[in-house]
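Work through the exercises below with the sequence and the 3D structure open. Try each task before reading its solution.

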Amino acid sequence: MAGTGRMQGRNALVTGATGGIGRAVAIALAREGATVVVSGRDAERGEDIVRRIGDEGGKAVFVPADLGAGGQAVRDLARDATAAVGVIDVLVNNAAVLIPAQSMLEATEEEIDRALAVNIKAPFLLTAALVPSMVERGGGAVVNMGSINGEVGMDVAALYGASKAGLHSLTKSWAAELAAKNVRVNTVAPGPTTTEHNVAHKERQESLTSAHPRRRPGTAEEVAAAVVFLAGDDATHIHGVTLPVDGGFLAL
Ligand SMILES: NC(=O)c1ccc[n+]([C@@H]2O[C@H](COP(=O)([O-])OP(=O)(O)OC[C@H]3O[C@@H](n4cnc5c(N)ncnc54)[C@H](OP(=O)(O)O)[C@@H]3O)[C@@H](O)[C@H]2O)c1
């Protein structure tokens, strides 16, 4: 198994780890020695990733959760993940509702509620549920999955962008609140990233990135590498940053 063992002895919970970027994050953390709780709604895909990590010699368990189902479901995930592996040292708030490109005139009230429930309320409650035991254990790391859409306006991404901007803001406030307790909170903000789910949108992603410095979409593994960095001991003095992994998208 590749990796330097820099996450050895740590327990990590990755939401939305049943596919895409979250799956790559779960695999990367496991390769570095973490015991990983893979979470999502789809048990079949979740168990598949657990098996894959196990086949590589890593440690993982699947704990299901629907993060759009309200506060109790989120608190249940915190409880069940802790029961499965012990105190969570690393929380990766990755799951999100990815709203298809739409005019703000088209967004329904139900879509607004769902986006805010999964993209803001769930990470808020999950982080609040897990931080006390991190503090008790002497420290921990939270890595949020933001987006370049949280930094720049896009005419077809108002709701999604607002939810990600909210997460970028929470990152700074939580970092300020928790740094003295040795809990670090940071965010990774990917640009267009190719995953097994959105390979069908390759053309749109390529046109989005064609005018930007690196001129290609990122990969889930490139985003995962940044998450592992921010979660680990190479980043012990980094608090409250939003790190773009975007091929220079935000540089222009
Ligand atoms: N791909 C990109 O271009 C890109 C760019 C910038 C930022 N991001 C961010 O990166 C993260 C991952 O995106 P992705 O492209 O990997 O998306 P994805 O392939 O669609 O994965 C989304 C994950 O979130 C989980 N999820 C969705 N709704 C959920 C719910 N109600 N409860 C629990 N889990 C839920 C899904 O699992 P289940 O279906 O099993 O529930 C899935 O594992 C998101 O935060 C996204 O905003 C992606």
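The exercises that follow concern a predicted model and treat its ligand, its pockets and its cavity.

**Exercise 1.** Describe the shell of residues around the ligand.

Solution.
- Step 1: Count the shell. The ligand is surrounded by 32 residues.
- Step 2: Pick out the closest ones, which are Thr18, Arg41, Asn94, Tyr160 and His197.
- Step 3: Sort the shell by class. It holds 12 nonpolar, 15 polar and five charged residues.
- Step 4: Look for secondary structure. At least two residues of the shell come from helix 1 (20-31), and at least two from helix 5 (158-178).

**Exercise 2.** Which polar atoms of Thr18, Arg45 and Asn94 pair with oxygen atoms of the ligand, those of the side chain or those of the backbone?

Solution.
- Step 1: Set the cut-off. A pair of N or O atoms counts as a polar contact if the two lie within 3.5 Å.
- Step 2: Check Thr18. One of its polar side-chain atoms is 2.7 Å from a ligand oxygen atom.
- Step 3: Check Arg45. Here a polar side-chain atom lies 3.2 Å from an oxygen atom of the ligand.
- Step 4: Check Asn94. A polar backbone atom of Asn94 is 2.7 Å from an oxygen atom of the ligand.
- Step 5: Add the cover. The ligand taken alone exposes 880 Å², and the protein buries 90% of that.

**Exercise 3.** Where does the ligand sit, and what lines that site?

Solution.
- Step 1: Place the ligand. It sits in the largest pocket.
- Step 2: Give the volume of the largest pocket, about 1,500 Å³.
- Step 3: List the lining. There are 47 lining residues, and Ala96, Val97, Leu98, Ile99 and Tyr160 are the closest to the pocket's centre.
- Step 4: Name the elements that give two or more residues to this lining: helix 1, strand 2 (35-40), helix 4 (109-137), helix 5 and helix 6 (202-209).
- Step 5: Sort the lining of the largest pocket: 20 nonpolar, 20 polar and seven charged residues.

**Exercise 4.** How many cavities of 30 Å³ or more does the structure hold, and which element gives the most to the lining of the largest cavity?

Solution.
- Step 1: Recall the method. Empty space is found by rolling a probe the size of a water molecule over the atoms.
- Step 2: Count. The structure holds one cavity of 30 Å³ or more.
- Step 3: Give the volume of the largest cavity, about 60 Å³.
- Step 4: Inspect the lining. It has 13 residues, with Asn93, Asn94, Ala95, Val118 and Pro123 nearest the centre of the largest cavity.
- Step 5: Name the element. Helix 4 gives the most to this lining, with five residues.

Methods:
Residues numbered from 1 in each chain as written. Predicted model: local features only at pLDDT ≥ 70, side-chain atom pairs only at ≥ 80, totals over all residues. Heavy atoms only, no water. Near = heavy atom within 4 Å. Polar contact = N/O pair within 3.5 Å; in protein donor to acceptor, adjacent residues only side chain to side chain. Areas by Shrake-Rupley, 256 points an atom, 1.4 Å probe, with all protein chains shown as cover. 1 Å grid on protein atoms, 1.4 Å probe; cavity = no way out; pocket = protein on both sides within 12 Å on 5 of 7 lines; lining within 4 Å. Sits in = over half its atoms within 2 Å of the grid points. Helix = DSSP H or I, 4+ residues; strand = E, 2+ residues; numbered from the N terminus. Nonpolar A, V, L, I, M, F, W, Y, C, P; charged D, E, K, R; others polar. Points joined across faces, edges and corners; volume = space filled by probe spheres on them.
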